[in-house]
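Subject: A structure to look through, with notes

Dear colleague,

I am passing on a structure together with some notes on what turned up in it. Please have the sequence and the 3D view open as you read, and take your time over each part.

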Amino acid sequence: MNDSIKNIYVLIFILSCFVFVYKYDLLIDSKYILFDIKYILLLVIGISITYSLYKKNTINDKYIFPFLLFVNIGILLFFTIKYKVYNIIHLLSFFGVLYLLIIYNYKKFSLTNGELNNPDKYWIYLSVFILLVYYLTMNSKMSTTIGKISVSLLIIYPLLFPIQEYFIHRIYSLLMIVSINLLFTKTLL
């Protein structure tokens, strides 16, 4: 990965940490608990991948990052249940997320310098498709139309880079967008 991009991403991560601390009152509430968990999980994944960019650590690279990625996908099931999104297409994406969790092999998501060692291209491309369907078919309780389009672009954008770097670009772009959202809005949604 290009050093200048890496430095920009680290700057985004540091600024995101400041925003998360500054706007912690939006993250700690009972009204949007799943969003709070998702945002905090995103920050923890950001910590894991940032650490991996600069330091080789077997526990982080082989176990912590793959586990956090698994949980990050798995939490989407709870969003569908909590917000009662029961249209047919969204339910298909719900089962798609479940399928992604079933076929998930943590060994294929180990990192070296933030990049996947042996990326499971099938899983990544399938997850892109399923997540696109999932986010585009959410109801208005979960997201606005602009939010759906933004998230969809954030899913596709990392595909412009080598597949080994997919999660680096996805995580930092999500951190940046969530931080901007937190910084300039008075509510979480």
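At what angle do helices H4 and H6 pack, and how far apart are their axes? Before the reply, please keep in mind that this is a predicted model.

**Two helices beside H6**

Two packed helices are described by the angle between their axes and the distance between the axes. Helix H4, which covers residues 58-82, packs with H6 at an angle of about 20°, and the two axes are 13 Å apart. Because angles under 35 degrees count as roughly parallel, H4 and H6 are described as roughly parallel to each other. The crossing in which H4 passes H6 is left-handed. On the H4 side the contact is made by Ile-73, Leu-76, Phe-79 and Thr-80, while H6 brings in Trp-123, Leu-131, Tyr-134 and Tyr-135. Sorted by character, the residues of this contact are seven nonpolar and one polar, with no charged residue.

H6 also packs with helix H5 (residues 88-103), and here the axes come within 9 Å and cross at roughly 155°. Because angles over 145 degrees count as roughly antiparallel, H5 and H6 are roughly antiparallel to each other. H5, too, passes H6 in a left-handed crossing. The contact is made, from H5, by Ile-89, His-90, Ser-93, Gly-96, Val-97, Tyr-99, Leu-100 and Ile-103, and, from H6, by Tyr-122, Trp-123, Leu-126, Ser-127, Ile-130, Val-133 and Tyr-134. In this contact of H5 with H6 there are 11 nonpolar residues and four polar ones, and again no charged residue.

**Ser-127, inside H6**

One of the residues that H6 brings to its contact with H5 is Ser-127, and it is worth finding in the 3D view. Ser-127 belongs to helix H6, residues 121-136. Is Ser-127 buried or exposed? Its relative accessibility is 3%, and because buried means under 20%, Ser-127 counts as buried. A polar atom of the side chain of Ser-127 lies 2.7 Å from the backbone oxygen of Ile-124.

**The loop that leads to H6**

Between strand S2 (115-116) and H6 there is a loop, and Asn-118 has its place in it. With a relative accessible area of 46%, Asn-118 is partly exposed. Along the sequence Asn-118 and Lys-107 are 11 residues apart, and in space their C-alpha atoms are 8.2 Å apart.

Pro-119 is placed in the loop between S2 and H6 as well, but at 15% relative accessibility Pro-119 counts as buried. If neighbours within four places in sequence are left aside, Pro-119 is in contact with Lys-108, Ile-124, Ile-163 and Gln-164. Pro-119 and Phe-184 are 65 residues apart along the chain, and their C-alpha atoms are separated by 36 Å.

Lys-107 comes up once more with Lys-62, a residue found in helix H4. Although Lys-62 and Lys-107 are 45 residues apart in sequence, they are 7.0 Å apart in space, C-alpha to C-alpha. Lys-62 is partly exposed, with a relative accessible area of 43%, and it touches Tyr-106 and Ser-110, if residues up to four places away in sequence are not counted.

**A backbone angle to check**

Most residues other than glycine have a negative phi. Asn-113, which is not a glycine, has a positive phi of about 55°. Asn-113 lies in the loop between strand S1 (111-112) and S2, and at 45% relative accessibility it counts as partly exposed.

**Two more buried residues**

Tyr-9 is found in helix H1, residues 3-22, and it is buried, with a relative accessible area of 6%. Which residues does Tyr-9 touch, not counting those up to four places away in sequence? They are Met-1, Tyr-157, Ile-168, His-169 and Tyr-172. With His-169, Tyr-9 also shares a polar contact of 2.7 Å between the side chains. The C-alpha atoms of Tyr-9 and Ile-177 are separated by 13 Å, although these residues are 168 places apart along the chain.

Ser-152, finally, is found in helix H7 (residues 145-156) and counts as buried at 7% relative accessibility. Leaving aside neighbours within four places in sequence, Ser-152 is in contact with Leu-132 and Leu-136.

With best wishes

Definitions and conventions. Residues are numbered from 1 along each chain as its sequence is written. This is a predicted model: local features need pLDDT of at least 70, side-chain atom pairs count only at pLDDT 80 or more; totals for chains, interfaces and linings use all residues. Side-chain values use heavy atoms; hydrogens and water are left out. Helices (H or I, at least four residues) and strands (E, at least two) are DSSP runs, numbered from the N terminus. Buried means under 20% relative accessible area, exposed over 50%, partly exposed in between (1.4 Å probe, protein chains only). A polar contact is a pair of N or O atoms within 3.5 Å; within protein, one must be able to donate a hydrogen and the other to accept it, and residues adjacent in sequence count only if both atoms are side-chain atoms. Axes are lines fitted to C-alpha atoms, for helices over the stretch in contact, and angles run from 0 to 180 degrees between N-to-C directions. Angles under 35 degrees count as roughly parallel, over 145 as roughly antiparallel, 65 to 115 as roughly perpendicular and the rest as oblique. A crossing is left-handed if the near helix is turned anticlockwise from the far one by less than a right angle, and right-handed if clockwise. Contact means heavy atoms within 4.5 Å. Ala, Val, Leu, Ile, Met, Phe, Trp, Tyr, Cys and Pro count as nonpolar, Asp, Glu, Lys and Arg as charged, and the others, Gly among them, as polar.
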